[in-house]
Amino acid sequence: PPSWPLVVVGAALLAWGDPELPLVTSSAPQVSPQPKPWLLPLPGAPARALELAGSTVFVKAPWQVDLVSYTTTVGQPLPEYYFTLNLDPEAGASLGGFTFQQIRGVDRHFPFALERTRAFIGRPRREGRPVPVKARFNNDTRTMTLEFPEPVPPGSTVTVSVVPWTNPMQSDTYLFQVVAYPAGPDPVGSPVGVATLRIYENTYW
């Protein structure tokens, strides 16, 4: 396939023409090319990734992340934090995984029960089919890495539930930077946004 510089040059020639060449016109009717049915992606099928210089990139990357928890008091055991991402139907690649890193919050020591991590299509309390997911956590950088062995196709909404052993022991607004990665060789991460989690004091103690 042609490289990007060739495509750009070709587009420039078509737009501006070449002053050295005669202008050729045609009165034949213009017919828009129709897509071949056998080349259209099947609904829910993994997307063929776009590769640039050997790296895989999104055409339209996820741009928003939602974080929900129904257990938000300090020290509560085994809460679930739901991270939800929407993939654009024209993403250009399936979702291979994403990371989130704690960038704000007083407590930087609460650990996660990785074996309780799970993923599904849909949103919290409106769960669809389960999605296989692998998780690992670097406590030094406070970064969780989530990988989908079966990449999530464009047009999907996917949620990952991660479970700390307890909520943070100090109330605060906790922020997590989220980066999404396309499925394919040498994926290039796309920043999605910052997810917010508010942890409150227990007013009943």
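Student: Which helices and strands does the protein have, and in what pattern do they follow one another along the sequence?

Tutor: In this predicted model, the protein has one helix and twelve strands, and reading along the sequence gives the pattern α-β-β-β-β-β-β-β-β-β-β-β-β.

Student: What makes E3 and E4 count as paired strands?

Tutor: Two strands pair if there are at least two bridges between them, and four bridges join E3 to strand E4, residues 81-86, so the pair meets that requirement. The two strands run antiparallel, and among the residues facing each other across them, Val68 stands opposite Tyr82 in E4, while Asp66 stands opposite Thr84 in E4.

Student: Which sheet do these strands belong to, and why are E3 and E7 called edge strands?

Tutor: Five strands form an open sheet in the order E3-E4-E10-E6-E7, with antiparallel pairing. Strand E3 (65-68) and strand E7 (126-131) are the edge strands, each of them pairing on one side only. Neighbouring strands of this sheet are turned by 30 degrees against each other on average, with direction ignored.

Student: What can be said about the two faces of E3?

Tutor: Strand E3 has a covered face, made up of Val65 and Leu67, and an uncovered face, made up of Asp66 and Val68.

Student: Where is His109 found, and why is His109 called buried or exposed?

Tutor: His109 is found in the loop between strand E5 (95-104) and strand E6 (118-123). A residue is called exposed when its relative accessible area is over 50%, and His109 has a relative accessibility of 64%, so His109 counts as exposed.

Student: How many residues along the chain separate His109 from Met169, and what is the separation of their C-alpha atoms?

Tutor: His109 and Met169 are 60 residues apart along the chain, and their C-alpha atoms are separated by 9.1 Å.

Student: What share of the contacts in the protein joins residues 24 or more positions apart?

Tutor: Among contacts with a separation of 6 or more, residues 24 or more positions apart account for 72%.

Student: How much of the protein is buried, and what area does the protein expose?

Tutor: Buried residues, those under 20% relative accessible area, make up 36% of the 205 residues in the protein. The protein exposes about 12800 Å², and carbon and sulfur atoms supply 59% of that area.

Definitions and conventions: Residues numbered from 1 in each chain as written. Predicted model: local features only at pLDDT ≥ 70, side-chain atom pairs only at ≥ 80, totals over all residues. Heavy atoms only, no water. Axes fitted to C-alpha atoms, helices over the stretch in contact; angles between N-to-C directions. Buried < 20%, exposed > 50% of the residue type's maximum accessible area, 1.4 Å probe, protein only. Contact = heavy atoms within 4.5 Å. Areas by Shrake-Rupley, 256 points an atom, 1.4 Å probe, with all protein chains shown as cover.
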